[in-house]
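Okay, thanks for coming, everyone. Let me put the structure up on the screen, and then I'll walk you through the contact between the chains and the empty spaces.

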Amino acid sequence: MALPALDSPTWQGTAAAFVLGMRSVASTILTLVLFATYIGIGALAHDTHFSLFWALASTMFVWAGPAQIILLSTLGSGATVIQAALAVTVSAIRLFPMVVSVLPMLRAPQTRKRSLILPAHFIAVTLWVECFRLLPLVPRERRVAFVNGLGTGLVSISMTATLIGYQLAANLPPLFGAAILLLTPLAFLLSTARNCRQLSDVVALVLGIALFPVVSLLHTGVDILISGVSAGSIAYGVHWWRRQP
Amino acid sequence: MSDFIGDWYALLVLLLAGFLPNEVWRMLGLWLGGGVDEESELLVWVRAVATAILAGVIAQILVLPPGALASIPPSLRYGAVAVGLMVFIVAKRSILAGVICGELVMLIGKWWLG
């Protein structure tokens, strides 16, 4: 589905821009990946004994797949709330540069800061990628409404997938339940691999996977943090070293 | 109905360990945005650490699997993901092709092993 031309009268209302944003969820393969991911998250929430309401609320309010998985798998494997919060906080730092980089595209001279709160909440990897692709096609003064529509659409689809995944895990035979749980590592591994832009990203991904099983033998409760910060810092070191003349 | 909502403690944990840690960074981005260089060295490190943490979580789910996934033998779990990754690379970075092939390997493998 193509968006109307920048000077088309369709863009005159904010409601129309919201609807166009919402309909744009149908224009990307990432929606399908998001759907698969959230089916996995719903199933994971079921198998780690959280309630359906909890799972739906986490999709709506946390709205960050990796953070939800970290939260589920750390709490599910017996970590304390503080350990889980620490791991989620560190993993969520990546949202900061995403918001910073999208803001200049969203803002029009007359935009008030508080009208940017909702779009900022919707920022997660999928919306961030789509903003770079779609916002240049949207008139500047309609971008906030457009992103709100896009975000609402993506969150609604993800909540539906969370619900479906949760119900499937509760009702399917174990083999299919296992297949749904496998969606999470598969979809995340591949979508992270696709987002790798620099050598440091690739090193961080490979080393992060390799280091965790080793660190997990220490049973520190913050294994994810230790392996993540070490692997990430080594990856940064590689990046820094290659930059030297 | 109480099954649907679950216990209130878990919801408090969701607020404290799930919602706030994420929202803080988004709102900080909104608050401080403009003052930060997107390509700065600090953000390269931040992205590397965030990627590695996510990688660790992927490994955690495969090595110490939750729920029904634990019924799949380890070699089959690793093999399925390895095949998915190879298909992804061969099929011009198609996430969909990689995910479908990885899933098929696990399903067929488990069916074959009985």
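So, how many residue pairs are in polar contact between chain B and chain A? The count is 18, with both residues of each pair at pLDDT 80 or more. And yes, I'm quoting pLDDT since this is a predicted model, so please keep that in mind for the rest of the talk.

Which parts of chain B do the touching? Going by the elements that give two or more residues to the side facing chain A, you've got α1 (2–5), α2 (8–32), α3 (41–63), α4 (74–90) and α5 (95–113) of chain B. The largest share comes from α3(B), which puts in 22 residues. If you sort that side of chain B by class, you get 49 nonpolar, 13 polar and 10 charged residues.

Now, the contact as a whole. Chain A brings 91 residues to it and chain B brings 72. Together the two chains bury about 7,200 Å², and carbon and sulfur atoms give 77% of that. Looking at chain B's part of the buried area, B:Trp25, B:Arg26 and B:Leu30 supply 10%, more than any other three residues.

What about salt bridges? Across this interface the rule finds 1. It joins A:Arg243 to B:Glu41, and the closest N and O atoms sit 2.8 Å apart. Over all chains, the structure holds 3 salt bridges. Another one is in chain A, where the side chains of A:Glu130 and A:Arg133 meet with an N to O distance of 2.6 Å. Those two are 3 residues apart in helix α8 of chain A, so about one helical turn separates them.

Okay, on to the empty space. The largest pocket holds about 870 Å³. It's lined by 34 residues, and the closest to its centre are A:Met98, A:Val125, A:Val129, A:Ser191 and A:Asn195. Where does the lining come from? On chain A, the elements giving two or more residues are α2 (30–47), α4 (65–76), α6, α8 (125–134) and α10 (174–195), and α3 of chain B joins them. That's the α3(B) we just met at the interface, with its 22 residues on the side touching chain A. By class, the pocket lining divides into 20 nonpolar, 8 polar and 6 charged residues.

Last stop is the closed space. Searching the whole structure for cavities of 30 Å³ or more turns up 1, with a volume of about 40 Å³. Which residues line it? They are A:Val99, A:Val102, A:Leu103, A:Leu106, A:Leu116, A:Pro119, A:Ala120 and A:Ile123. In terms of class, that's 8 nonpolar, no polar and no charged. Two helices of chain A each supply at least two of these residues, α6 (95–106) and α7 (117–122). Of the elements, α6(A) gives the most, with 4 residues. And α6 of chain A also turned up in the lining of the largest pocket.

That's my tour; happy to rotate the model if anyone wants another look.

Key:
Residues numbered from 1 in each chain as written. Chains lettered and ligands numbered in written order. Predicted model: local features only at pLDDT ≥ 70, side-chain atom pairs only at ≥ 80, totals over all residues. Heavy atoms only, no water. 1 Å grid on protein atoms, 1.4 Å probe; cavity = no way out; pocket = protein on both sides within 12 Å on 5 of 7 lines; lining within 4 Å. Points joined across faces, edges and corners; volume = space filled by probe spheres on them. Nonpolar A, V, L, I, M, F, W, Y, C, P; charged D, E, K, R; others polar. Contact = heavy atoms within 4.5 Å. Buried area = accessible area lost by both parts, 1.4 Å probe. Salt bridge = Lys/Arg side-chain N within 4 Å of Asp/Glu carboxyl O. Polar contact = N/O pair within 3.5 Å; in protein donor to acceptor, adjacent residues only side chain to side chain.
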